[in-house]
Amino acid sequence: MTDLLAIWRKYASMANLLDRRPDFRFDPDFYGAQRRELDQDPQALLAHYEQSGREEGCAPTLYRSIAPGNPDMIAVIARLVTDPELSIAIESGDPEAYHLAFELLHLGAPIDASMSNFSARAYQDAYSDIAKAGVDPLVHYLLYGSKEGRRTLEQLRASRHQGRATFSPDKPTCLIATHEFSRTGAPIVALDLVREASQTHNVIVASLRDGPLLADFLEYVCEAVLSTQVLGDFARHGSEAFQTIDFAIVNSVEAWAFIPFLVAREIPFASYVHEYAHYIFPTYKSTFTGLFADLLVFSSEHVRDSWAGRLQDIEFDTDRDSIILRQRNFSVGGVDAVALDGARARLSSILGRDLSKVRLVCGAGHLQWRKGTDIFVMAAQICRSRDPDTVFVWIGDGLNFEDINFGTWMKYHMRQADADRAGGNLYFLPAGPAYGDLLAASDAMFVSSRLDPLPNVVFDALDAGCRIVQFEGASGFGDSLYSSTEHFKSVEYGNPQAAAETILSLPRKKPSAEVESPPPPRLFATIRKSLEARLAAQRYFVRGASQIDVPVLFTTDEKDQPLRVIEREKIQRYRRRFVWRDPAHAEDELASSDNWVHKKLRLAPYRQVRNVPETEFSIHVHAYYTDELSDDLKHYRAYRCAKRIVVTTDTDRKAEEIRKFALLEGLSPEILVVPNRGRDILPFLELFDEGGVAGEDDIWCHIHQKKSLGRAGEVWRTFLMRILLGDDKELSTALHLAGGDGVGLVAPFDPYRVSWNASRELLPKFEARLSGPLPSNPLLFPVGNMFWIRRSVVLAMRDLFGQSYPWPNEPIPDDGTEFHLIERLWPTVAAQTGMDSVFVHKLDQKRV
């Protein structure tokens, strides 16, 4: 029988608690807290319990106080315990074993984590609501958290896999992170990196998702870790390897979630980028990658070119801080006659069609829009009438006819195109062992992708001596290294007719002696040396907190304040731009710019003003959401001082609701019901139609009821409203500035440096209509599109777009439309009219 008291003594001694509490069945601190009138000496408390407390029904421990009413709790305790002796006692059915386990768990760090899969500290770190509520973390998990599916150390420990490599303190340690362990492009590159790195380094590999490649990775690494909550989980990995990480490689932008951990630990890292910026959403993935990587490594020039706008937004120095590194060397191989004939014979058997004399064209990859599988089918259809012996075979998975976004339509297209018909010219194979035979047997590969960086299947096809047909501008294989050779043929983007004609004109593959493939490129060594060179060349360093303290990767919590300092230091060290240091920083940038727009921008401090300005002003509110308008009318004096209040909304019901609560505040706004078009932009611009509601009023405040998504949205909206309007007793200096001579726009100064972003693509459409070239970065504009403005500036914006501009209809994306461009162009249009834009800073007002 297990000696429970011996187990207690072992752990109580570790916690320096044994003298005060020699037996787990009585807790003097718990009992004393219930009977504060007693002498708090442990022996006196125990004596009281034995003499009278037990008979009075007093619980001697926390376990005894809650267990009777929560019988399900013991099963949860049993699942948590990892101590071998205690587990045996629990399995034997000893009821006191549960009591002991609970009391040990409740001792907290380091006891709880050493004898179970529970850590109170980790639980509170992972779930901020538990810490904020002040509830007992163990009790919460046992009674509620386990039922809610909240994580414990069990998931954390299960996510760690011991590799076959032994950690050596004499070697440097590298972390290589990838987004998943699938047998697809980027993870395969990660495996190549790990394989090479393991020759000279201790290697930890980390991934967000599991997959079949995990077993391959374990051959070379000290540890493999799976985690989707990287910052919290990695902080609890205490192995020597994790404590000695010298640098990291983040392989794929989709692995961006590892960046906060690397920044927090000040671990230098390179990001190996395989993805085009065009399909990286949300865009913060690429933004954070560019902001914090010490070195960006791109797989091709074409991929790097796609990042130009996003990197320009953060003023990333591409020449200094990026390199090109292709994941495989360019070479062309071949197959001998025996291999060619054998491959064709085996494929003929699989497909049920004689392929010995045909022109064979292959395609490979997941069936999806990006891979252009539908275009592959179209090319086959075009070739069928011209040469029925030109046969197309696609190998890959991913077709699900129940997927309404793609699979349903692709399956129907395949059926209509007679795919997989005996004697036809179009076939599909699942990914698998036929892949090698297909490449060996094929004359050419048609890369029908709409956008595909450097697909590994093309390198494999080249090794098998295949010609490559691709679309211009669709792949990294458009780089001159490849496209200038006879093995690549590029045709008009997305044109299946052009692709088909080129395929039909290609020479057939001839048997040749097998060419030995060149050795694989030393990816890891090249990245490591390039990273080391970049770090060694760094001469500009920034240390210490800045006046503006807003988060980028981390939270606004006080405990994250040191991390916010670290992240800003790294951004500023490389002179990248995302957050202002202070208002003087913005003023210096404006002063150093020679752009005509920037010359008309200035800053001013926020002040509260009691008196109402002599100049009359009007307020426009667009209230698609009405949730907060009633409180606004109560809490901002500016509404009661305005000459007019004009409210636009989109339904009669909302209009009546607004009218009622405005009346309660003694206000009589003019309410217009307008279509929900152009967010808040068009409702405001259309007030200034000829004969429109705006009339001849000169100074307007434009605000809108931003939908507050949680606490962050509420804080941002209060930030904007306070700077623009003041409060319930006084007015903002912004109102007085708006009436100043030569001022056309007044808006809040935002601590974040927001750039053109996706609107950049629209700039060439309008730049010729302006007084001069637009700046590469706007520096300042009314982020959130709330401001004070002159009528003349609004009219100039209307003129820029014209009376019959084809505005996009709702729903619209989060960025990149004309409405997002207008938000950024207000200072430009003000400068066009010869007027200044003033940005009011109030650093003690929380932005997030």
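**An open sheet and a bent helix**

Colleague: In this predicted model, what is the order of the strands in the open sheet of eight strands?

Modeller: The sheet is open and its pairing is mixed. Read across its eight strands, the order is β15-β24-β22-β23-β20-β17-β18-β19.

Colleague: Which strands stand at the edges of the sheet?

Modeller: An edge strand here has a single partner strand, so one side of it is left without a neighbour in the sheet. From one strand to the next, the twist averages 20°. The strands at the edges are β15 (601–605) and β19 (670–673).

Colleague: Which residue in β20 stands opposite I619?

Modeller: Strand β17 (residues 618–622) pairs with strand β20 (residues 699–704) in the parallel sense, over five bridges. Opposite I619, in β20, stands C701.

Colleague: At what angle to β23 does helix α39 run?

Modeller: Helix α39 (residues 791–801) packs on the sheet, where it touches β22 (743–748) and β23 (787–790). The direction of α39 makes with that of β23 an angle of about 85°.

Colleague: Where does helix α40 bend?

Modeller: Helix α40 (residues 818–832) spans only 18 Å between its end C-alpha atoms, whereas a straight helix of 15 residues would span 21 Å. The bend is about 50°, and a proline, P827, follows within four residues of the bending position, which is L825.

Colleague: How many of the 15 residues of α40 are buried?

Modeller: Buried means under 20% relative accessible area. Helix α40 is largely enclosed by the rest of the structure, because the number of its 15 residues that are buried is 14.

Note on methods
Residues are numbered from 1 along each chain as its sequence is written. This is a predicted model: local features need pLDDT of at least 70, side-chain atom pairs count only at pLDDT 80 or more; totals for chains, interfaces and linings use all residues. Side-chain values use heavy atoms; hydrogens and water are left out. Helices (H or I, at least four residues) and strands (E, at least two) are DSSP runs, numbered from the N terminus. The expected span of a helix is 1.5 Å times one less than its number of residues. The bend at a residue is the angle between axes fitted to the seven residues ending there and the seven starting there. Buried means under 20% relative accessible area, exposed over 50%, partly exposed in between (1.4 Å probe, protein chains only). Two strands pair if DSSP finds at least two bridges between them. Axes are lines fitted to C-alpha atoms, for helices over the stretch in contact, and angles run from 0 to 180 degrees between N-to-C directions. Contact means heavy atoms within 4.5 Å.
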